[in-house]
Amino acid sequence: MKYGHFDDDAREYVISRPDTPLPWINYLGCEDYFGLISNTAGGYSFYKDARLRRLTRYRYNNAPNDMGGRYIYLRDNGNGQFWSPSWMPVRSVLDNYTCRHGMGYTVIRSEYNNIEAETVYFVPVSENLEIWELTLTNNRPTAVGLSVFSAVEFCLWDAWDDSTNFQRNFSTGQVEVVNEVIYHKTEYRERRNHFAYFACSEKLAGFDTQREAFLGDYRGWESPEVVEAGESSDSIAYGWQPIGSHHIKIQLKAGESKNIIFLLGYHENLPDAKFDPPGSQIINKKTVKPIIAKYLQQKNVETAFRALRNYWTDKLGKLQVKTPDEHTNRMVNIWNAYQCMITFNMSRSASYFESGIGRGMGFRDSNQDLLGFVHMIPERARERILDLAATQLKNGGAFHQYQPLTKRGNNDIGSGFNDDPAWLVLAVAAYLKETGDWAILDIPVQYENELGSETPLYEHLQRSLQYTLERLGPNELPLIGRADWNDCLNLNCFSDEPGQSFQTTTNKDGKVAESVFIAGLFVLVAKEMVEIAGHRNDGMEKAKMKQAVEKMEETIWKSGWDGQWFRRAYDDFGHVLGSKKNKEGRIFIEPQGICVWAGLGVADGRAKKALDSVAKYLATPHGIILQYPAFSRYYLHLGEISTYPPGYKENAGIFCHTNPWIMIAETKIGRGDRAFDYYTRINPSKREEISELHKCEPYVYSQMIAGKDAPTHGEAKNSWLSGTAAMNYVAITQAILGIQPQYDGLEINPVVPLGWQGYEVVRQFRGVRYEISVSRKGVGNNVSLVVEGKPIPGKVIALPSKDVKILKVSVSIG
Ligand code: BGC
Ligand code: NOJ
């Protein structure tokens, strides 16, 4: 069952009823000011950091679901009826409703008793404010008198403190109201020089800033007393819960429309110009007033909206495809690319499954995310790489997480996730291939943000690889440390107390448990290092890495191969995991994907064996599960993986991030049909038709889909912020469609379904627009290229001379 449809021309998903199985959200903002917005106007806003600079409140895990948002109430002053044009929070039955989620904006339109309301929500590029542009239309044959009430609940900045420290917070709230603008200035009197404002384009009939005065005691957002009565109380908040609510009264003739603009924004003053007059406690509004005045004008709002559309046309325009499959087209051209940009902005901080007060930026996560956005914003990818590398430890290891505001590693979680540093090499390789910016490798970068510790970035990569080589276990496989990619495989942490961290309570000395996954990852990234070193004429490093790759491959075949598939790990007792010897956890997805991606067994048929085992034991119609059989109980020596009930999350859930590794692996052995089939199984657009089961948004990937052991097999969770976005983007665009940036040019190496006669791609790459047309001439994957009418050998199109801006490429496969 569907709850809407895709409008690909508009780059929108159109939701046609408000009661979707879960709130289906979108993101506003692309630089510093961000908001989450659901299809019923739920969500919240923040400046840069979802915990420390939260503008508005949101109640996670609330009943009813999705409480707190950007609310507008309409009241028919003739009969006193009131409703929410976004359905929530009043939930009156609307005569019609649509929510259009687009790139950085959301439009909610509805009609109730012939009063039409459309609200466009967006954040202008480069501004720290959001616009709600409301258009009301009277479709009745007679005039109507309406009251419009806006409502937001301010958060007292630090969202964690805001939801815990009530003895203080109930006394600190402060506001100012000047004409049509409500200023929220809690803590402005002391160490903050920022405030929020909520402005309206119309003359006010009244306002409220104290929550209970607006709602009435013991009442909820669904029936505010003020809205019911049709009169604001002009309340001023002193402590308690500051809110912002405007009241506007309007008359609309039959057929008449009216446009009302609300602005919610964040503003900073210079520390010595906070107050006006100086010495007073009144906010200095000199620098904010022009911004407010600008965006309260409809023509400026329209210009800003067009600029936002152009911003996304530019970003998405870096890669556009036209294939025989509409699900591929809309994910690659629109939604998957968009999701990659959202993970760039949010990392794992703020979604409807991540509270915004939790973890910082993951080292592993951020490096992988980069693979999905590097072509859209290479300059910011560069900055991200340098930030990440600067948190690296001198021994080549990495802080598992760092804080985006301070850019420092988090001591509480620390390091010792032994796969972490390898991902930096993969990210830098992707950046170099995309940009050719070799100079980045010579930039001096600190370790642990310590002044004086700088070495060229290149050495950071060397140390990353050395880190693995210096930590080998009894089988000469890499030691796993606290965990590898699978955060829940905790082989050095025997956690037997509730609440004890699985990952940081390391109580084994870590000298035994080994990871085949890290071994495969090492081979993959060390091969990149061979090329990078070669480029720099560093013969020593190149030779060293070549040798290390050979040695690691030997070790994998010796201790990591199980006969039909790759093993997963060795535990603290030296027992194998992911082997036919195991009763539970006999086969895991991760090493099959990563080892074959790294090239292991491709030439001798063992890769095919491993992938056939994946098909046999792990693949389901809803995607490929993480391991088989699921763990039926808690195993102290395996850790968090066995805490989840079978079929969920890391315990045999379909952990979508790992599925594209198998797609990539399938392309390595030339099986385009298989690769594409796996791609399709978890493609959210394809799953749209089973939305009642899938539950999460059909336009973005979720972290996981319940596996075959779960009673709710096929149900998705944790949408939006997941490495799944970047990895699927890489799998479809680079491995399957075969458009692969390389160090010295653009490689075209498609491994697509047999049934595809052809497809087209436009790719912007190093300043050149490649117009690529692929057609099938036979049943194989052999590639011949014709560039601007001239056949060229091989699969890589060398970089053209500087004056070339467009290249036409015909590709035959067969
Ligand atoms: C989750 C993992 C996550 C880890 C670290 C676990 O509870 O299952 O997916 O990576 O926490 O935050
Ligand atoms: C989510 C984490 O963000 C990611 O880093 C990890 O690889 C997966 N969970 C698997 O545990």
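Start at Arg364, where a polar side-chain atom lies 2.9 Å from an oxygen atom of ligand 2. The model on screen is predicted.

**Stop 1: ligand 2**

Keep ligand 2 selected and add Asp365, whose side chain places a polar atom 2.5 Å from an oxygen atom of the ligand. Then add Glu650: an N or O atom of its side chain is 2.5 Å from an oxygen atom of ligand 2. Taken alone, ligand 2 exposes 300 Å², and the protein buries 94% of that area.

To show the whole shell, select Arg359, Arg364, Asp365, Trp485, Asn486, Asp487, Glu650, Phe655 and Gln703, the residues that surround ligand 2. Colour the shell by class, and 5 charged, 2 polar and 2 nonpolar residues appear.

**Stop 2: from Arg364 to Asp487**

Stay with two members of that shell, Arg364 and Asp487. They form a salt bridge, with the closest N and O atoms 3.0 Å apart. Trace the backbone away from each end: Arg364 sits in helix H8 (residues 363-373), whereas Asp487 sits in the loop between helix H11 (457-469) and strand S25 (514-515). The pair links distant parts of the chain, 123 residues apart.

Are the two ends buried or exposed? Arg364 has 3% relative accessibility, so it counts as buried. Asp487 also counts as buried, because its value of 18% is under the 20% cut-off.

Now select Arg57, Arg59, Glu153, Asp162, Arg211 and Glu212, which are joined into one network by salt bridges that share partners.

**Stop 3: strand S13**

One member of that network, Glu153, has a number that falls within strand S13 (residues 144-157). Select the strand. How many of its residues are buried? The count is 14 of 14, and the strand is mostly covered.

Next, show the strands that pair with S13:

- Strand S6 (residues 54-56) pairs with S13 in the antiparallel sense over 2 bridges. Here Arg54 stands opposite Trp157.
- Strand S7 (residues 71-76) runs antiparallel to S13 and is joined to it by 6 bridges. To find the register, select Tyr71 and Ala151, which stand opposite each other.
- Strand S18 (residues 242-252) is also antiparallel to S13, with 8 bridges between them. Val152 of S13 stands opposite Gly244 in S18.

When reading the side chains here, recall that in a regular strand they alternate between the two faces of the sheet.

**Stop 4: two further salt bridges**

The model has 59 salt bridges in total. Select Lys2 and Glu688, whose side chains meet in one of them at 3.7 Å, N to O. Lys2 lies in the segment before strand S1 (4-7) and Glu688 in the loop between helix H17 (672-682) and helix H18 (691-694), so this salt bridge ties together parts 686 residues apart in sequence. The two ends differ in cover: Lys2 is partly exposed, with a relative accessible area of 46%, while Glu688 is buried at 5%.

Finish at Arg219 and Glu228, which form a salt bridge with the closest N and O atoms 2.7 Å apart. Arg219 counts as partly exposed at 26% relative accessibility. Glu228 is likewise partly exposed, with a relative accessible area of 39%.

Terms used: Residues numbered from 1 in each chain as written. Chains lettered and ligands numbered in written order. Predicted model: local features only at pLDDT ≥ 70, side-chain atom pairs only at ≥ 80, totals over all residues. Heavy atoms only, no water. Near = heavy atom within 4 Å. Polar contact = N/O pair within 3.5 Å; in protein donor to acceptor, adjacent residues only side chain to side chain. Areas by Shrake-Rupley, 256 points an atom, 1.4 Å probe, with all protein chains shown as cover. Nonpolar A, V, L, I, M, F, W, Y, C, P; charged D, E, K, R; others polar. Buried < 20%, exposed > 50% of the residue type's maximum accessible area, 1.4 Å probe, protein only. Helix = DSSP H or I, 4+ residues; strand = E, 2+ residues; numbered from the N terminus. Pairing = 2+ DSSP bridges. Salt bridge = Lys/Arg side-chain N within 4 Å of Asp/Glu carboxyl O.
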